[in-house]
Every structure is written in C-alpha cells, then in structure tokens.
Number of protein chains: 2
Amino acid sequence: MAETEHIDTRESLLDAAESLFSEHGIQAASLRAITQQAGANLAAVNYHFGSKDGLVRAVFSRRLKPLNEERIRLLEACDLENGREDGVEQVLNAFLAPLLRAVRATPEGTREFGRLMGRAFSEPNEDVRKMVSEEFAEAIRRFLDALARLLPSLSEQELLWRFHFAAGAMAHTVSCGYLLEKLSAGLCHASNGDEALEYLVSFLAAGLRAPAQQRRSSQGE
Amino acid sequence: MAETEHIDTRESLLDAAESLFSEHGIQAASLRAITQQAGANLAAVNYHFGSKDGLVRAVFSRRLKPLNEERIRLLEACDLENGREDGVEQVLNAFLAPLLRAVRATPEGTREFGRLMGRAFSEPNEDVRKMVSEEFAEAIRRFLDALARLLPSLSEQELLWRFHFAAGAMAHTVSCGYLLEKLSAGLCHASNGDEALEYLVSFLAAGLRAPAQQRRSSQGE
DNA sequence: GTCTATAGGGGGATAGAC
DNA sequence: GTCTATCCCCCTATAGAC
C-alpha cells in the first residue's frame, strides 16, 4: 500500500495475482482483492487479460517459461559423456536448482511462487492443470531422455515411476515447507534453497539408482 | 439420483462432500451441490455439522483416524530386531500401504479420497492444514522414531528432510496419478495400489539409505 | 487506458413451520 | 430431523463515461 511509484499496471496485476493465488488459492483469490492490492481498478483485469482465466494463464507462464528454459540450458551444460560417475546428480541438479532458486525470497516477489507451483499440478481446475502440464512437457521429455541413457538397466515403466516420485518430492518441498519446519522444530530450513537442494539431490539420486524391481505379475484393476 | 433406499443423511452428506471436495476442491464445492448429491436438504449440513468447516473436519477425520491407526498397527507388527536387512522396507510398507489401499477404487466411495488427501497439506485454508497435520502427528512421530533406529548414521536433520521427501512422493502419487498415466501413455497404472507400492518402497528405501551428506556450511538467508 | 456503476448469478447461514 | 423461504454477503463480467 502507498506505493511510491506506479510502474506498470499489467505487471502489478501479475504480482498481486501471484501473491494472492499463492496465499488463498486461485479460486478463492478474487479479482477485487487482486486489483486492490495492485492499486488498479477492478475492470483492469478484464482489459489486460480478458478474464480471470487469462490472468491465471499469464501468472503461470511468466514464471514457467524462463524456468524451464533455464532447466534445459543447464541440462545441455551437463558433462555426461566422459565417464563421470555423478551424471544422475548433475541432471537432478539441472532440474531442481532453477525451481528451488526461484522459490527463495527475492526483492521482486518471486517469493510466493513456490507454494503456487507446488499446488499447480493438483489444482481442481482442469484447465489450469492442463496449461501447467504443457509448460513442463518439453523439459520433462528431455530430462527423461537423459536419465534413460544414464540408467539403462531401468525399464521405461520404472524410470517413469521414479521420475514421478522425484517430481513429488520436489513439489512437496516447495509447497509444504511449513510441515518440515514445524516437524523439525526449526532444525530444518525449508525456505533455504541450498539446503533443500543438497539433500534432495542425494536422496533422489540414490532412489533413481536403486536396483531395478522385478515386478510380480499383478494385473489387478 | 433416485436412490433405492435412504440409509443415513449424515453419512450421505459425508460421502457427497468427500466426492465433491475431491473433484472441485473444498472451497469450490458448495453446500448446495453437496446436499443435492446427498439427496438432502440445504439446511441439513448446518444441523448435522454446524457449518461447512465442521463438515470438512468430519470428512477428513472419518478417513484419517482409521488410516493412521492401521499404520501404527502395521508398524508395531514389523520385525525389526532380529538382524533382518529389510527393516526400512517394512517400515515404509507400513506407512504407505494403508493409504495406497484406501485410494483404490472400492464399492463404497473411498475412491475419491486419494486426490483430496494428496492436496490436504497444501490446502490454502490454514484451519484445514492444521487439522490434517494433527491427525498425522502421532503416526509420524512413531515412524520417525523407528527410522531413526534403523538409520543411526543419519543426523536428525537429514532424516527429517528425507522423511519429508518420502511424504512428498507419496502425496504426489495419490493426488497426481493422471500425470503419470499421461506421461507414460498408459504404460504405468497410477491407480493400481500394488504397482505404486512396490515401486515406491524400493525407491524410497534407497533414498533413505543413501550415504549421509556432509553439508557445506551455508548460512544463507 | 482507466474509471464508476450495475447486471446477474451464487454463496453460507438461519428462522420458523412441520 | 427435515423442510421452505429468506437475509445479506461476495463474485465475475460488462456497458459506457471520461
């Protein structure tokens, strides 16, 4: 409140929406609250984004496009061919670091994005889920390719399951840090991206490298 | 619609609420829709549960109390003292199996609970998060104790982080199965609790048993 | 581009009859 | 215990002045 300078209504709206979507959920954050926090008028959202759905889409893609581009850039910078033994760790780092860095508090307002991002895949609104999935699709495809080469003993099925678990651990870390802080009585610092990254990479690398399972046939369901 | 027999309004309301909370989210599921699906009157919710919040609480505790009791029962049935090497797997199985079994489609309507449960810890409503955390607190404490004895080389901090990651993989599995089904083009069956359980246990056991990290001092933040 | 005003639809809760 | 009717709230979207 009482901003010194008005920079850009459109950007202010995105900042306010990101913050309120994160705090209250997409559905529960009203355009009234968003426009008020942005110092803009109620009608501004419809002018700039067409509808609330348009605003939601813009909020996500503003962050996800650069995030997934950076992931791919880091993946391509990995040194995976020269007999190094830490290929899995390198790839995990390339996937996780951009998100965990983004979650860290910054002067600009990326702060709230972690909670929103962690919830995005389980949002009740199907349009939101679909939109977010599509933003990730290309990056996920590339990372799965890289992991498949690094872990040739895994069946395609098992690799997919394990990547899914890794995504879950990551999502939980960025969206439910409060649980860890409370459970550890302050011993763990969930909002510290470096701490989270080190523990996550070693944990997930070990999980990905676990011996392949021989599944007992079970055609249940 | 057109139910053959009216059994119990209270239970019908819980079933309808669980189903609609799962599908649309707690906030977006209106009491009007819930009472209509339950074949009850709008005022029935206030009569039986006092308010929408009361209904939410009842929906969660109806499932979580027996779920966590079963977890503790299974944990106490584990054989951890006789030099067996699969202690971690046994403990993980005791923690995961009750939830994954509950998520499976059943005749009665437990079907929808997985999605709701997976989202519960990141619900925007703080009262819901607090309520759900408390339902899990006792079970989590016991499982952490058991794991600490099985993995004495881990610092308390690292064990907490790893348990947190495990919870995330589990939550993602029960709430975002659609992602895996789509990503695998039908190769993986996320709704098959047995398949999920086998892959989860081996993945998480390897992650928990990974060598302890030596954290470089980093007092960032 | 930005505002005010309003249309038009739902929402949770409750009073009071049965 | 269950119903109807209603109070009063907030929501998104849009029309039309500036």
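**Note on the domains of chain A and the surface near DNA strand D**

1. In this predicted model, the domain assignment splits chain A into domain 1 (1–50) and domain 2 (60–209). The centres of domain 1 of chain A and domain 2 of chain A, taken over C-alpha atoms, are 28 Å apart. Ten residues of domain 1 of chain A and twelve residues of domain 2 of chain A make up the contact.

2. The area buried between domain 1 of chain A and domain 2 of chain A is about 880 Å², and 47% of it lies on carbon and sulfur atoms. On the side of domain 1 of chain A, the residues that lose the most area to domain 2 of chain A are E18(A), S22(A) and I26(A). Together these three account for 62% of what that side buries.

3. The polar side of this interface can be listed briefly. Four salt bridges are found across the interface of domain 1 of chain A and domain 2 of chain A. E18(A), already named for its loss of area to domain 2 of chain A, forms a salt bridge with R62(A), with the closest N and O atoms 3.4 Å apart. Seven residue pairs are in polar contact across the interface of the two domains, counting pairs with both residues at pLDDT 80 or more. By class, the side of domain 1 of chain A that touches domain 2 of chain A consists of three nonpolar, three polar and four charged residues.

4. Turning to the nucleic acid, DNA strand D is surrounded by 14 residues. The closest are S30(A), L31(A) and R32(A) from chain A, with N41(B) and H48(B) from chain B. Of the atoms of DNA strand D that come within 4 Å of the protein, 52% belong to sugar and phosphate. The residues of the surface near DNA strand D comprise six nonpolar, six polar and two charged.

5. Which parts of DNA strand D lie at the listed distances from side-chain N or O atoms of R32(A), T9(B) and H48(B)? For R32(A), the partner is a base oxygen, at 3.3 Å from an N or O atom of the side chain. For T9(B), a phosphate oxygen lies 2.9 Å from a side-chain N or O atom. For H48(B), the corresponding atom of DNA strand D is a phosphate oxygen at 2.7 Å.

6. Two elements give two or more residues to the surface near DNA strand D: α2 (31–37) of chain A and α3 (43–49) of chain B. The element that gives the most is α3(B), with three residues.

Key: Residues numbered from 1 in each chain as written. Chains lettered and ligands numbered in written order. Predicted model: local features only at pLDDT ≥ 70, side-chain atom pairs only at ≥ 80, totals over all residues. Heavy atoms only, no water. Near = heavy atom within 4 Å. Polar contact = N/O pair within 3.5 Å; in protein donor to acceptor, adjacent residues only side chain to side chain. Helix = DSSP H or I, 4+ residues; strand = E, 2+ residues; numbered from the N terminus. Nonpolar A, V, L, I, M, F, W, Y, C, P; charged D, E, K, R; others polar. Domains from an automatic or database assignment. Contact = heavy atoms within 4.5 Å. Buried area = accessible area lost by both parts, 1.4 Å probe. Salt bridge = Lys/Arg side-chain N within 4 Å of Asp/Glu carboxyl O.
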